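This briefing introduces one protein structure to a first-year student. Please keep the sequence and the three-dimensional view at hand while reading.

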Amino acid sequence: MRLRPLTRRFPGAVAMLAAAAVLIGGCDVARDAARDRIAGLRHVVAAAHARPARTRPAAADRKAGSPKGDGSRGAEWRLVWSDEFRGPARHRPDQAKWSFDRGGEPQWGNHEWQYYTDRPGNVSLDGHGNLAVTARHERVHEVRGKKCGFGPCDITSARLTTKGKFARAYGRFEARIKIPKGQGLWPAFWMLGANVDKVTWPGNGEIDVMEALGRQPNTVHGTIHGPGYVAQGIENHTTLARGHSLADGFHTYRVDWAPGKLTWYLDGKPYGTACAGQLKRGQKWVFDHPHYLLLNLAVGGDWPGPPDRSTPFPARMLVDYVRVYGRAGR
């Protein structure tokens with residue numbers, strides 16, 4: 001269907017599409033996808049009239065080896081923060097953007113086995129435009145003599161955070177990641193409320209953009225945790241076709257966050273939503289303030305279970321990029 005002749009023949013088409021976009025709403029994936037398609041059609045119709053000059057993509061979007069965009073770079077969105085993880089192998093990621101959480105349980109609260117460090121062996125650039133977060137089966141000096149809350153004190157890994165460096169409320173939060181597979185592995189890309197020093201978890205809010213279990217590498221989980229939905233958060237998930245694994249290559253994990261609503265995507269396709277209106281009595285919506293970013297590779301814990309002899313070590317999570325977009329004009 002050609003859009004330019006349509007608009008010439010029906011001058012009110014843009015207004016009709018805008019009205020339809022308002023009517024198609026609610027906390028429903030199918031309806032949200034239809035709304036997004038209408039919004040995209042509306043943008044193309046408007047562009048047919050405006051005929052804007054062609055522009056080159058931003059440098060951050062021309063990264064070698066990255067796939068074509070899924071619309072994030074369109075006129076509707078603007079890049080507000082990113083890390084492309086360029087640099088020599090074994091160098092640390094940009095410390096103006098990231099800091100490192102260190103130590104073991106009980107501070108993580110999930111009965112996890114790993115001890116987080118900032119050593120290059122656990123967190124560094126790989127020299128090919130990726131961040132490598134690596135879990136290792138080893139005993140290191142900084143762990144010796146310390147009592148581990150859980151596990152035998154012989155697993156190290158890393159956890160990065162933008163706390164105190166970058167936080168934002170609302171927008172598009174996206175990362176391209178290759179996860180590891182194996183019993184007990186628990187890779188994640190997530191966010192915590194930046195008011196955590198004043199309002200303790202879960203009152204500050206937690207948004208899990210991507211969590212996966214190494215024993216089920218064909219499934220991605222997107223979840224929120226808040227007051228009244230702590231252990232069992234409001235979760236969405238999607239599973240690849242049989243025989244396919246998220247660990248076989250890079251995939252794009254994303255959440256679009258608007259007031260009162262979040263929508264999760266895998267490789268540009270929506271698979272779940274959470275809305276303030278769906279909360280039950282005793283639950284509170286706490287996703288109306290800035291959150292900061294986290295990347296980590298946990299090992300063991302209540303959900304994934306402990307590693308075993310089949311778990312491959314070292315296990316590595318590779319991150320091609322992390323990008324945050326805001327609505328154009330906001």
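Pro202 is found in the loop between E9 and E10. The peptide bond that leads into Pro202 from Trp201 is cis, with omega near 10°. The model discussed here is predicted. The points below treat its unusual backbone positions, its nonpolar cores, strand E17, an open sheet, a pocket and the residue Ser99.

**Unusual backbone positions**

- Most residues other than glycine have a negative phi, and most peptide bonds are trans.
- Besides the bond between Trp201 and Pro202, a cis peptide bond joins Glu105 and Pro106, where omega is about 20°.
- Pro106 belongs to the loop between E2 and strand E3, which covers residues 115-116.
- Tyr170 has a positive phi, near 75°, although it is not a glycine.
- Tyr170 is placed in the loop between strand E7 (159-161) and E8, and Tyr170 counts as partly exposed because its relative accessibility is 25%.
- Asp267, also a residue other than glycine, has a positive phi near 55°.
- The loop that holds Asp267 runs between strand E14 (261-266) and strand E15 (269-275).
- With a relative accessible area of 39%, Asp267 is partly exposed.

**Nonpolar cores**

- In soluble globular proteins, nonpolar side chains tend to be buried together.
- In this model, the largest nonpolar core has 51 residues.
- Leu131, Ile177, Ile224, Leu295 and Val322 are the residues with the most contacts inside this core.
- Strand E17 (residues 315-327) gives the largest share of this core, namely five residues.
- Apart from the largest core lies another core of six residues, including Ala188, Trp190, Leu192 and Val196.
- Which residues does Leu295 contact, leaving aside its neighbours within four places in sequence? The list includes Phe85, Trp98, Leu131, Ala158 and Ile177, together with Met317, Val319 and Val322.

**Strand E17 and its partners**

- Is E17 largely enclosed or left open by the rest of the structure? Of its 13 residues, 11 are buried, so E17 is largely enclosed.
- Strands of a sheet pair through backbone hydrogen bonds, either parallel or antiparallel.
- Strand E1 (residues 77-83) pairs with E17 in the antiparallel sense, over six bridges; within E1 and E17, Trp77 stands opposite Arg327.
- Strand E5 (residues 131-137) runs antiparallel to E17 and is joined to it by five bridges; Ala132 stands opposite Leu318 in E17.
- Strand E8 (residues 171-178) also pairs with E17 in the antiparallel sense, over seven bridges; Val319 in E17 is the bridge partner of Ile177.

**An open sheet of seven strands**

- Seven strands make up an open sheet with antiparallel pairing, in the order E2-E7-E16-E9-E10-E11-E12.
- Strand E2 (99-101) and strand E12 (229-239) stand at the edges with a single partner strand each, so one side of each has no neighbour in the sheet.
- From one strand to the next, the twist averages 20°.
- Within this sheet, how many bridges join strand E10 (residues 206-213) to strand E11 (residues 216-226)? E10 and E11 are joined by five bridges and run antiparallel.
- Leu213 stands opposite Gln216 in E11.

**The second largest pocket**

- Rolling a probe the size of a water molecule over the atoms shows where empty space is left.
- The volume of the second largest pocket is about 850 Å³.
- This pocket is lined by 31 residues, and those closest to its centre are Trp108, Asn110, Trp186, Trp201 and Glu206.
- Strand E9 (185-193), E10, E11, E12 and strand E16 (291-299) each supply at least two residues of the lining.
- E12 gives the largest share of the lining, five residues.

**Ser99 in an edge strand**

- Ser99 is part of strand E2, which stands at an edge of the open sheet.
- Ser99 counts as partly exposed because its relative accessibility is 24%.
- Not counting residues up to four places away in sequence, Ser99 touches Arg159, Leu160, Thr161, Lys163 and Lys165.
- Ser99 and Gly164 are 65 residues apart in sequence, and their C-alpha atoms are 8.9 Å apart in space.

Technical notes:
Residues are numbered from 1 along each chain as its sequence is written. This is a predicted model: local features need pLDDT of at least 70, side-chain atom pairs count only at pLDDT 80 or more; totals for chains, interfaces and linings use all residues. Side-chain values use heavy atoms; hydrogens and water are left out. A nonpolar core is a set of buried Ala, Val, Leu, Ile, Met, Phe, Trp, Tyr and Cys residues joined through side-chain atoms within 4.5 Å. Buried means under 20% relative accessible area, exposed over 50%, partly exposed in between (1.4 Å probe, protein chains only). Helices (H or I, at least four residues) and strands (E, at least two) are DSSP runs, numbered from the N terminus. Contact means heavy atoms within 4.5 Å. Two strands pair if DSSP finds at least two bridges between them. Axes are lines fitted to C-alpha atoms, for helices over the stretch in contact, and angles run from 0 to 180 degrees between N-to-C directions. On a 1 Å grid over the protein atoms alone, a cavity is a set of points where a 1.4 Å probe fits but cannot get out, and a pocket is an open set with protein on both sides within 12 Å along at least five of seven lines; lining residues have an atom within 4 Å of a point. Grid points are joined across faces, edges and corners, and a volume is the space filled by probe spheres set on the points.
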